[in-house]
Amino acid sequence: MAGKVFFGVSMSVDGFIAPDSPEELMGKQWMELQRWVFPLRFFRENLKLGKGGEEGRDNDIARETFERTGTTVMGKRMFDAGERMWPAEAPFHTPVFVVTHEKRDPWERPGGTTFHFVNDGIEAALERAREAAGERDVRIAGGGETILEYLNAGLIDEFSIALSPVLFGAGIRLFEGVDAGRIALEQVSAEHSPKVTHLTYSVRER
């Protein structure tokens, strides 16, 4: 039986998930948004940053999200930013399907990540991702525009938000342009830690 299609993002209290410009990634605000992730033991292991790191529920959630993911889908904007910043051994360790107009051969990286470039839309990318994932879940990694396309198309089963105690004021809003008349949510869980609040929702048609 096919797994779920989900996304999971960190979000500021005022609803932003990234700065406007890719050049501002790794800037002060974005680092504050992701501050809960960087010290985690799993994060350090996955990026081969050395031993040690924080354990606890935040770490468990990060590990569980990784382990449930059989394949990843992302947009071209996220890929372009990540191509500059990811280490040679990219942190996905699964097939990744990039929704793009660019025609490009698959790009294989050490550690099990291969990027496949899909030129015929979000549904075609998802179909290929489902096939590759088997019984595991498909994660829609981002960016915000790609997540919104899948959400408005009724293709998301579930999503999680790590709500960080930071204000952006401007940037990319997660739900900017959402088809709220079509989409209904049911809360699955809410878990608080000292650094972030984890909110999980299932998605259904209104």
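Trainee: What makes Asp58, Asn59, Ile61, Ala62 and Thr65 of H3 count as buried or exposed?

Mentor: In this predicted model, buried means under 20% relative accessible area, and Asp58, Asn59, Ile61, Ala62 and Thr65 are buried in H3. They sit on the same side of H3, because they cover an arc of only 165 degrees around the axis. The general rule helps here: an α-helix has 3.6 residues a turn, so residues three or four places apart point the same way.

Trainee: Which elements do the buried residues of H3 pack against?

Mentor: Their partners include helix H2 (41-46), strand S1 (5-12) and strand S3 (69-75). Strands S7 (137-142), S10 (183-192) and S11 (197-205) are packed against as well.

Trainee: How do you know what span is expected for the 12 residues of H3?

Mentor: Take 1.5 Å times one less than the number of residues. For H3 (residues 57-68) the expected value is 16 Å, and the helix reaches 16 Å from its first C-alpha to its last, so the two are close.

Trainee: Why is lysine 48 called exposed?

Mentor: Exposed means over 50%, and lysine 48 has a relative accessible area of 59%, so the word fits. Lysine 48 belongs to the loop between H2 and H3, and has a positive phi of about 55 degrees although it is not a glycine. Most residues other than glycine have a negative phi.

Trainee: And what makes histidine 93 partly exposed?

Mentor: Histidine 93 has a relative accessible area of 23%. Buried needs under 20% and exposed over 50%, so 23% falls in between. Nice question!

How values were computed: Residues are numbered from 1 along each chain as its sequence is written. This is a predicted model: local features need pLDDT of at least 70, side-chain atom pairs count only at pLDDT 80 or more; totals for chains, interfaces and linings use all residues. Side-chain values use heavy atoms; hydrogens and water are left out. Helices (H or I, at least four residues) and strands (E, at least two) are DSSP runs, numbered from the N terminus. Buried means under 20% relative accessible area, exposed over 50%, partly exposed in between (1.4 Å probe, protein chains only). The arc is that of the directions from the helix axis to the C-beta atoms. Contact means heavy atoms within 4.5 Å.
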